[in-house]
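Open the model in your viewer and keep the selection panel at hand. This tour goes stop by stop.

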Amino acid sequence: MSATGLRQSPPLSFPGAALLMVIATALWGVSFVAPLMLHAYSPLDITFGRFLFYGIVSAAILLAKYRRHPLGWRVWSRAAVYGFAGNILFSILVSFGVQDTGAEVVIPIIGLLPICVSVAGNRHLPAATWRRLLVPFAMVACGLGVVLAVQSGILVQHVRLSWPGVFAVVVIVIVWTWYALSNSRFLRAHPDISGAHWSCAIGVATFGLSIVMAALNAALTHRVVPPGFLQGHAQDALLFVAITMVLGVGSSWLATIFFNRASHALPMGLVGQMIILETVFGIAYASMYQHTLPPAPQTAGMVLAIAGIWLSARELLK
């Protein structure tokens with residue numbers, strides 16, 4: 001996910017913009033099923049593979065289109081901060097959370113992001129608006145409570161919920177909320193830097209940080225590449241390359257462009273509501289991969305939470 005915006009893009013028709021928004025959320029949703037498909041690999045492995053491809057694409061565009069518009073070291077340092085907070089940390093914690101406590105818990109909590117960003121960015125809303133938000137917020141709280149209760153096993157007196165995974169996802173929501181708002185303020189303060197240019201800069205900075213993290217991981221684990229490559233599992237290696245390429249080129253680069261273009265053509269209220277599709281796609285992908293559906297109470301809890309998030313976004317972004 002990204003908070004940057006493209007400027008000076010050709011205008012889109014309403015149906016075209018809506019289609020781009022749907023594709024963007026569908027690509028974002030892959031982030032929630034990828035750790036399940038790559039269970040043999042660590043969150044660091046997945047993160048490095050993802051941002052290897054994201055960095056290659058970003059560097060190519062930066063050199064081809066923006067080499068005559070170099071950025072200062074202060075701007076690059078800010079890109080590195082955003083690349084770490086908004087990309088690397090997000091990817092690592094999502095992968096860890098999904099592998100540790102389950103996609104059924106991670107996806108609804110991540111779905112809180114539109115609400116948190118909207119609330120943090122609209123702290124001075126009138127009291128009447130906050131009163132209208134009580135019911136949607138209560139729906140979200142009840143829905144997430146049911147999801148966590150079912151996943152934890154409390155209802156059958158067999159606790160299986162991993163709280164480190166839940167904590168990791170909560171950290172994601174807090175950090176990404178800060179990132180989204182801070183990045184938006186940065187772009188408004190630097191109108192000379194286009195959203196496309198900034199997206200590529202963050203991609204290159206993210207790749208550089210990924211190289212550093214990969215080197216540290218290699219030093220600590222005494223291996224340079226993921227175990228699937230070392231052990232000669234060609235099928236696992238190909239799957240790793242394919243999925244991380246989809247994450248890097250699709251979920252990180254292409255989805256950002258689609259979302260930014262769509263957000264300039266669609267009403268903000270509709271943009272906020274359509275972001276919820278990321279949660280829906282994530283649940284659908286995880287269910288298809290696992291060839292199963294969550295238990296009925298958990299499904300009801302996810303539906304209730306998503307409905308509450310949708311209603312909240314509708315109120316906040318009218």
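In which helix is the place of threonine 47? Select threonine 47 and colour by secondary structure: its place is in helix α2. The model is predicted, so read each stop as a computed result.

**Stop 1: threonine 47**

Switch on the surface. Threonine 47 has 2% relative accessibility, so it counts as buried; the cut-off for buried is under 20%. Now show its contacts. With neighbours within four places in sequence left aside, threonine 47 touches Ile88, Ser91 and Ile92. Next, add threonine 244 to the selection. The two threonines, 47 and 244, are 197 residues apart along the chain, yet 8.0 Å separates their C-alpha atoms.

**Stop 2: the whole chain**

Zoom out. The protein chain has 13 helices and zero strands. Reading from the N terminus, each element in the run is an α. Colour by accessibility next: 50% of the 318 residues count as buried. Then draw the contact map. Take the contacts with a separation of 6 or more: 88% of them join residues 24 or more positions apart.

**Stop 3: a cavity**

Rolling a probe the size of a water molecule over the atoms shows where empty space is left. Here, the structure holds two cavities of 30 Å³ or more. Go to the second largest, with a volume of about 40 Å³. Which residues line the second largest cavity? Select Ser31, Pro35, Ile46, Arg50, Ser91, Val94, Ser95 and Leu247. Ser91 in this lining is also one of the contacts of threonine 47 from the first stop.

Colour the lining by residue class. The residues divide into four nonpolar, three polar and one charged. Now colour by helix. α1 (14–37), α2 (43–65) and α3 (73–101) each supply at least two residues of this lining. Which helix gives the most? The answer is α3, with three residues.

**Stop 4: threonine 206**

Select threonine 206, in helix α8 (residues 195–221). Is threonine 206 buried or exposed? Its relative accessible area is 0%, so threonine 206 is buried. Show its contacts, again without neighbours within four places in sequence: Phe51, Gly83, Asn87 and Ile88. Ile88 appears here and in the contact list of threonine 47. Then add serine 58. Its C-alpha atom and that of threonine 206 are separated by 9.9 Å, with their positions 148 residues apart along the chain.

**Stop 5: alanine 262**

Move to helix α10 (residues 234–265), where alanine 262 is found. Alanine 262 has a relative accessible area of 0%, so this residue is buried too. Pick leucine 19 as its partner. They lie 243 residues apart along the chain, and their C-alpha atoms are separated by 8.3 Å.

**Stop 6: helix α12**

Finish on α12, residues 277–290. Set a distance between its end C-alpha atoms: 20 Å. Why does that agree with what a helix should span? At 1.5 Å a residue, the 14 residues of α12 should span 20 Å, so the two values agree.

Which residues of α12 are buried? Select Glu278, Thr279, Gly282, Ile283, Ala286 and Ser287. Look down the axis: these residues cover an arc of only 165°, which puts them on the same side of α12. Last, step past the end of the helix. Histidine 291 follows α12, and its phi is positive, near 55°.

Key
Residues are numbered from 1 along each chain as its sequence is written. This is a predicted model: local features need pLDDT of at least 70, side-chain atom pairs count only at pLDDT 80 or more; totals for chains, interfaces and linings use all residues. Side-chain values use heavy atoms; hydrogens and water are left out. On a 1 Å grid over the protein atoms alone, a cavity is a set of points where a 1.4 Å probe fits but cannot get out, and a pocket is an open set with protein on both sides within 12 Å along at least five of seven lines; lining residues have an atom within 4 Å of a point. Grid points are joined across faces, edges and corners, and a volume is the space filled by probe spheres set on the points. Helices (H or I, at least four residues) and strands (E, at least two) are DSSP runs, numbered from the N terminus. Ala, Val, Leu, Ile, Met, Phe, Trp, Tyr, Cys and Pro count as nonpolar, Asp, Glu, Lys and Arg as charged, and the others, Gly among them, as polar. The expected span of a helix is 1.5 Å times one less than its number of residues. Buried means under 20% relative accessible area, exposed over 50%, partly exposed in between (1.4 Å probe, protein chains only). The arc is that of the directions from the helix axis to the C-beta atoms. Contact means heavy atoms within 4.5 Å.
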